[in-house]
Amino acid sequence: MKIIHWTLLLCFLSIHLNAQELYFPPNFSEEWETTSLEELNWCEENVADFDVFLEETNTKACIILKDGKIAHESYFDDFDLGKSWYWASAGKTITSTMIGILQEEGALSITDKTSQYLGESWTNCDELNEEKITIWHQLTMTSGLDYTVDDNFCFEPECLLCLNEPGEEWFYHNAPYSLLSYVIESASEQGYTAVTNSKLTNRIGFIGLWTNANSGRLFFSTARGMARFGLLMLNSGNWDGEDVITDKEYLNDMINTSQEINKAYGYLWWLNGKESYRLPGTTITFPGKIIQNAPDDLYAAIGKNGQILMVVPSENLVVVRMGNNPDNSLVPTTYVNELWNEYEKLSCTVSSDDTEQIDFSVRPKLAWNRIWINSDQDFDAIRIFDTSGNLLVTTREQKINVSDLAKGLYFVQATKGRKSVTQKFFKY
């Protein structure tokens with residue numbers, strides 16, 4: 001009992017002290033304190049270069065919070081602080097947060113069978129196998145449902161076939177995730193936008209909107225709305241002294257490794273600092289951190305077309321990026337690495353050695369008999385993997401014969417020292 005008492009006391013003190021350090025903007029207000037370049041040790045020319053990078057990569061909005069205050073805020077094209085944008089898969093983190101809030105209220109439990117909320121025959125599996133799938137499996141991308149179907153986004157029963165035992169395999173399968181919003185509606189007996197606003201977004205000072213799309217439901221808000229959510233997470237679910245997420249055990253589980261297959265994945269959050277990671281669209285396990293040069297405690301919401309929210313507790317930092325497509329990835333982890341590297345260049349004292357990063361591309365993306373590694377750098381190793389994670393080629397040559405490979409998608413990983421970056425190509 002004494003151990004539990006002291007643990008809770010230390011937890012409370014940690015939250016209390018962090019709350020003292022962080023600034024919180026007034027709810028539903030454009031008032032938001034800022035931090036000067038001098039306080040941050042940022043140089044104007046570096047900030048200008050950062051904005052050039054953002055604009056060249058189709059950014060609509062970028063906000064950086066330091067200690068809760070706005071360190072940088074920029075908008076491009078016709079966008080401004082009052083306009084809303086979609087979160088894409090970054091909105092998955094709103095869903096996992098809502099599951100936690102409803103669990104602490106007793107409306108559901110993540111160990112509940114999904115069929116308890118969606119009814120029988122919500123999949124095309126037999127009754128025995130369908131009953132094995134729980135909310136936890138949906139939160140962790142381990143439902144066991146067939147991710148090789150033609151439409152990975154289809155969540156109609158005819159598209160949801162059993163492939164693996166639940167918990168046996170990790171795959172970034174959007175269909176089981178999409179059904180979590182209907183689980184939430186069933187458990188709360190409210191529409192998804194209404195319950196999200198009443199239990200989460202209104203309490204931290206912004207309004208969000210869920211809209212129906214072919215790929216599921218999309219969450220919309222302003223960039224500052226996303227920044228507020230990041231600030232809530234940075235402060236352990238507490239908003240200016242009020243606990244919005246009171247179940248700290250769930251919150252901790254949400255932003256830590258949820259299963260052993262993809263250690264860089266929590267409850268719909270991406271996690272840095274793990275020994276390995278998997279990416280959407282593949283069962284390959286890659287060694288190293290998902291964001292190579294960022295702090296190990298960084299965790300992120302990442303969505304298609306570069307909708308990004310990064311939270312870094314060790315630096316009291318939140319980074320938001322909204323916009324159009326910077327590359328063609330389902331979840332643009334390569335761009336997240338680039339964004340972090342450009343952020344690090346804002347400091348007036350950063351050296352060129354600190355900012356030198358792995359940079360390469362694969363040409364052609366649609367290959368027949370050979371590929372070229374387009375880079376002015378020398379790498380310690382270049383490896384080619386298939387989509388099952390099998391290592392097929394190891395070389396240091398930047399011109400690689402792939403004529404013996406079968407048709408299909410492949411991943412190229414370039415490694416230099418402790419850093420590595422992965423690109424992909426298709427063999428036809």
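## Surface exposure and the nonpolar patch

A residue counts as exposed when its relative accessible area is over 50%. In this predicted model, W368 has a relative accessible area of 56% and is therefore exposed. The position of W368 is in the loop that runs between β15 (366-367) and β16 (370-374).

W368 also belongs to a nonpolar patch on the surface, in which it is joined by L366, L409, F426 and Y428. Together these residues present about 530 Å² of accessible area.

## The negative patch

A patch of negative charge is also found on the surface, where E38, E39, E44, E45 and D49 gather. Two helices, α2 (37-40) and α3 (44-56), each supply at least two of its residues. The most is given by α3, which contributes three residues.

E39 may serve as an example from this patch. This glutamate lies in helix α2, and because its relative accessibility is 61%, E39 counts as exposed.

## Aromatic pairs

The count of aromatic pairs in the model comes to 27. One of them is formed by F53 and Y335: the ring centres are 5.7 Å apart and the planes meet at 15°, so this pair is stacked. Planes under 30 degrees apart are what the stacked class requires. Since F53 lies in helix α3 and Y335 in helix α13 (residues 333-344), the pair ties together parts that are 282 residues apart in sequence. Both F53 and Y335 are buried.

A second example is the pair of W87 and F229, whose ring centres are 6.0 Å apart; with the planes at 45°, the pair is tilted. Here too, distant parts of the chain are linked: W87 is in the loop between β3 (84-86) and α4 (92-104), whereas F229 is in helix α11 (residues 223-234), 142 residues apart. W87 is buried, and F229 is likewise buried.

## An aromatic cluster

W87 and F229 are also members of a cluster linked by ring pairs. The other residues in this cluster are Y192, W210, F219, W269 and Y299.

## Tryptophans in two settings

Two tryptophans described above may be set side by side. W368 is exposed and forms part of the nonpolar patch on the surface, whereas W87 is buried and takes part in the cluster of linked rings. Each of the two lies in a loop: W368 between β15 and β16, and W87 between β3 and α4.

Definitions and conventions: Residues numbered from 1 in each chain as written. Predicted model: local features only at pLDDT ≥ 70, side-chain atom pairs only at ≥ 80, totals over all residues. Heavy atoms only, no water. Patch = residues over 30% accessible without salt bridge, like charges linked within 9 Å, V, L, I, M, F, W, Y side chains within 5 Å. Areas by Shrake-Rupley, 256 points an atom, 1.4 Å probe, with all protein chains shown as cover. Salt bridge = Lys/Arg side-chain N within 4 Å of Asp/Glu carboxyl O. Helix = DSSP H or I, 4+ residues; strand = E, 2+ residues; numbered from the N terminus. Buried < 20%, exposed > 50% of the residue type's maximum accessible area, 1.4 Å probe, protein only. Lys, Arg positive; Asp, Glu negative; His and termini not counted. Charge placed at Lys NZ, Arg CZ, Asp CG, Glu CD. Phe/Tyr/Trp six-rings, centres within 6.5 Å; stacked < 30°, edge-to-face > 60°.
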